[in-house]
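Hello,

Here is the structure I promised to pass on to you. Please have a look at it first, and then read my notes underneath.

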Amino acid sequence: MSDLFDYDAELRLHNEHLRAAARVGSHDRVLDIGCGTGRSTREAARAAVTGSAVGVDLSAPMLERARRLSDEQGLTNITYEQADAQVHPFPPAHFDLCISRFGTMFFADPVAAFTNIGRALRPAARLVLLVWQERDRNEWATAIRRTLTAAPAAPHGPDAFSLADPTVTEGILTAAGFTDVGFTDVHEPVYYGPDSATAFDAVLRLWEFKDLLATFDATAAEQARTRLRASLDAHNTVGGVYFDSRAWIVTARRGH
């Protein structure tokens with residue numbers, strides 16, 4: 001499954017912040033929304049030694065990898081479900097903690113989605129999310145897209161920055177029945193690979209850039225690839241290819 005983009009490598013530094021903020025307890029029952037290949041779910045399961053972790057995602061290939069990795073690591077208190085967290089019938093008032101690493105920005109109706117997630121949490125259970133700050137504070141989004149379009153065009157499709165505004169996000173969570181909403185700034189770079197050639201292949205696996213290139217004629221597509229290679233070369237360091245980013249750790253509690 002080498003065609004899968006490696007979000008775990010890209011977000012390794014962000015993951016440390018999420019794990020620290022989640023503070024998974026040994027007895028916790030943890031729900032992980034948009035778990036992808038399950039790194040954050042597995043970390044939660046290891047911490048919840050007498051509890052459990054459930055990872056939910058829409059992607060069957062990612063969940064297949066998540067299950068394989070969990071089996072290889074001998075984790076028995078972990079399960080994965082292919083489901084849409086916006087509408088999935090989770091067991092009511094069951095989980096002590098809900099986490100998500102960039103998995104909650106794409107809801108069609110965020111208030112309804114977080115209300116549904118809230119029903120799955122016991123009263124006073126914690127919510128800990130990683131979400132992106134504004135697009136213009138995320139170099140990975142602006143610089144790379146500019147190489148493919150030669151202009152910072154408006155995004156198409158799902159909006160990775162829909163929870164960037166703390167006022168908007170607090171309003172969504174409050175309307176969904178959460179309280180004590182807080183925001184912590186996370187300033188870490190994203191990682192695209194050990195060298196620019198690897199990073200080039202990785203970026204082209206991302207749906208947004210693949211879809212954009214598919215709309216170009218052959219000449220425009222090659223020019224875009226050339227600009228992308230140059231940008232990745234410019235961001236290549238001794239430790240690999242990094243782009244600046246800003247995110248929020250969002251914390252809240254389910255209301256009583």
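Below is what I found, element by element.

This is a predicted model, in which local features need pLDDT of at least 70 and side-chain atom pairs count only at pLDDT 80 or more, while totals for chains, interfaces and linings use all residues. Residues are numbered from 1 along each chain as its sequence is written, and side-chain values use heavy atoms, with hydrogens and water left out.

Let's begin with helix α8, residues 196–203 (helices are DSSP runs of H or I with at least four residues, strands are runs of E with at least two, and both are numbered from the N terminus). S196, A199, F200, A202 and V203 are buried there (under 20% relative accessible area with a 1.4 Å probe, protein chains only; exposed is over 50%, partly exposed in between). Seen down the axis of α8, these buried residues fall within an arc of 165°, so they line one face of the helix (the arc is taken from the directions from the helix axis to the C-beta atoms).

Two loop residues also deserve a look. A93, in the loop between β3 (78–82) and β4 (95–101), has a positive phi near 50° without being a glycine, and is partly exposed at 41% relative accessibility. F102, in the loop between β4 and α5 (110–119), is not a glycine either and has a positive phi of about 60°, but F102 is buried, with a relative accessible area of 10%.

Finally, there is an open, antiparallel sheet of three strands in the order β7-β9-β8 (strands pair if DSSP finds at least two bridges between them). Its edge strands are β7 (190–193) and β8 (236–237). In β8, N236 stands opposite V241 of β9.

Best wishes
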